[in-house]
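The following exercises concern strand pairing, crossovers, burial and backbone geometry. Each task is followed by a solution in steps.

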Amino acid sequence: MNLYGGQGNKLIEELEALPGIGTKSAQRLAFHLIGMPTEKVERIANTMIEARRNVRYCSKCCTLTDREVCPVCADPKRDQSVIMVVETPRDLAAYEKTGRYTGVYHVLHGAISPMLGIGPGDIKLKELITRLEGDVKEVIIATNSSLEGETTAMYISKLVKPTGIKVTRIASGVPVGGDLEYIDEVTLLRALEGRVEL
Ligand code: ZN
């Protein structure tokens with residue numbers, strides 16, 4: 001229905017297509033944007049365009065960065081032979097906040113989910129396998145404890161084991177289905193320290 005004019009409807013449709021935004025939120029955001037001073041809307045739009053243009057995947061760990069190699073991978077004090085595999089850049093940020101992890105990461109950008117039709121080829125697994133050809137001593141699997149996270153952990157463990165590299169899984173204690181970014185630092189550290197070999 002063309003209730004708000006073609007342009008207004010188009011804006012609502014575009015916003016609605018974003019994750020986590022339903023029709024009502026899209027309408028609220030659209031009305032808010034339309035009521036804002038033009039310069040402010042231009043600033044938001046330009047920030048989005050600039051971020052999209054300049055932010056890319058780190059050539060080593062696949063996290064989001066505006067450099068060729070992210071600050072963690074570029075840090076000479078980090079132990080490049082220990083790789084923690086996480087689902088999202090937000091999970092990486094959660095572990096970085098603990099300030100105690102000294103290895104590097106690998107960001108999958110998702111998890112395997114047969115139900116949602118997300119297979120191993122749809123996440124950054126190929127990139128992980130390539131990294132294992134280097135000098136790697138341990139792969140710590142820190143995917144979520146959801147069904148998808150566990151499926152992904154199993155898959156990775158099967159891939160890594162034949163290489164002889166040590167594979168560990170962070171301890172449970174991280175709530176089932178809980179997103180890592182919402183878990184406090186003490187719980188994260190405990191999960192990391194209590195990791196078990198697979
Ligand atoms: Zn990196």
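**Exercise 1. Determine in which sense S5 and S6 pair, and over how many bridges.**

Solution. Helices (H or I, at least four residues) and strands (E, at least two) are DSSP runs, numbered from the N terminus. Two strands pair if DSSP finds at least two bridges between them. S5 and S6 pair in the parallel sense, with 4 bridges. Within this pairing, Ile140 stands opposite Thr168 in S6. The two strands also belong to a β-α-β unit with helix H7 (residues 147-160), and this unit is right-handed. The term right-handed applies if, with the strands pointing away from the viewer, the path from the first strand over the helix to the second runs clockwise.

The model is predicted: local features need pLDDT of at least 70, side-chain atom pairs count only at pLDDT 80 or more, and totals for chains, interfaces and linings use all residues. Residues are numbered from 1 along each chain as its sequence is written, and side-chain values use heavy atoms, with hydrogens and water left out.

**Exercise 2. Establish the strand order of the open sheet and identify its edge strands.**

Solution.

1. Start with strand S3 (residues 79-86). S3 is joined to strand S4 (residues 103-107) by 5 bridges, and the two run parallel. Val85 lies opposite His106 in S4.
2. Follow the chain between these two strands. From S3 the path leads through helix H5 (residues 89-98) to S4, a right-handed β-α-β crossover.
3. Add strand S5 (residues 138-141), which pairs with S3 in the parallel sense over 4 bridges. Here Val82 faces Glu138 in S5.
4. Add the partner of strand S6 (residues 166-169): S6 and S7 pair in the antiparallel sense over 2 bridges. Arg169 stands opposite Val196 in S7, while Thr168 stands opposite Glu197 in S7.
5. Assemble the pairs. The 5 strands form an open sheet in the order S4-S3-S5-S6-S7, with mixed pairing. Its edge strands are S4 and S7 (196-197), each of which pairs on one side only.

**Exercise 3. Explain why S3 is described as largely enclosed, and state which elements the buried residues of H8 pack against.**

Solution.

1. Fix the criterion: buried means under 20% relative accessible area, exposed over 50%, and partly exposed in between (1.4 Å probe, protein chains only).
2. Apply it to S3. Because 6 of its 8 residues are buried, S3 is largely enclosed by the rest of the structure.
3. Apply it to helix H8 (residues 185-193), where Thr187, Leu188, Leu189, Ala191 and Leu192 are buried.
4. Trace the packing. The buried residues of H8 pack against S3, H5 and S5, where contact means heavy atoms within 4.5 Å.

**Exercise 4. Decide whether Cys62 and His109 are buried or partly exposed, and state the sign of phi at each.**

Solution.

1. Cys62 is located in the loop between strand S1 (56-57) and strand S2 (64-65). Although Cys62 is not a glycine, its phi is positive, about 70°. With a relative accessible area of 5%, Cys62 is buried.
2. His109 occurs in the loop between S4 and H6. This residue, likewise not a glycine, has a positive phi of about 60°. His109 counts as partly exposed, at 25% relative accessibility.

**Exercise 5. Which residues does Ser113 contact, leaving aside its neighbours within four places in sequence?**

Solution.

1. Ser113 sits in the loop between S4 and helix H6 (125-131).
2. Its relative accessibility is 2%, so Ser113 counts as buried.
3. With neighbours within four places in sequence left aside, Ser113 is in contact with Ile118 and Glu148.

**Exercise 6. Characterise the chain as a whole.**

Solution.

1. The secondary structure comprises 8 helices and 7 strands.
2. The C-alpha trace spans about 60 × 35 × 35 Å along its principal axes.
3. Of the 198 residues, 39% count as buried.
4. Of the contacts between residues at least 6 apart in sequence, 54% join residues at least 24 apart.
5. The accessible surface (Shrake-Rupley method, 1.4 Å probe) comes to about 12,000 Å², and 56% of this belongs to carbon and sulfur atoms.
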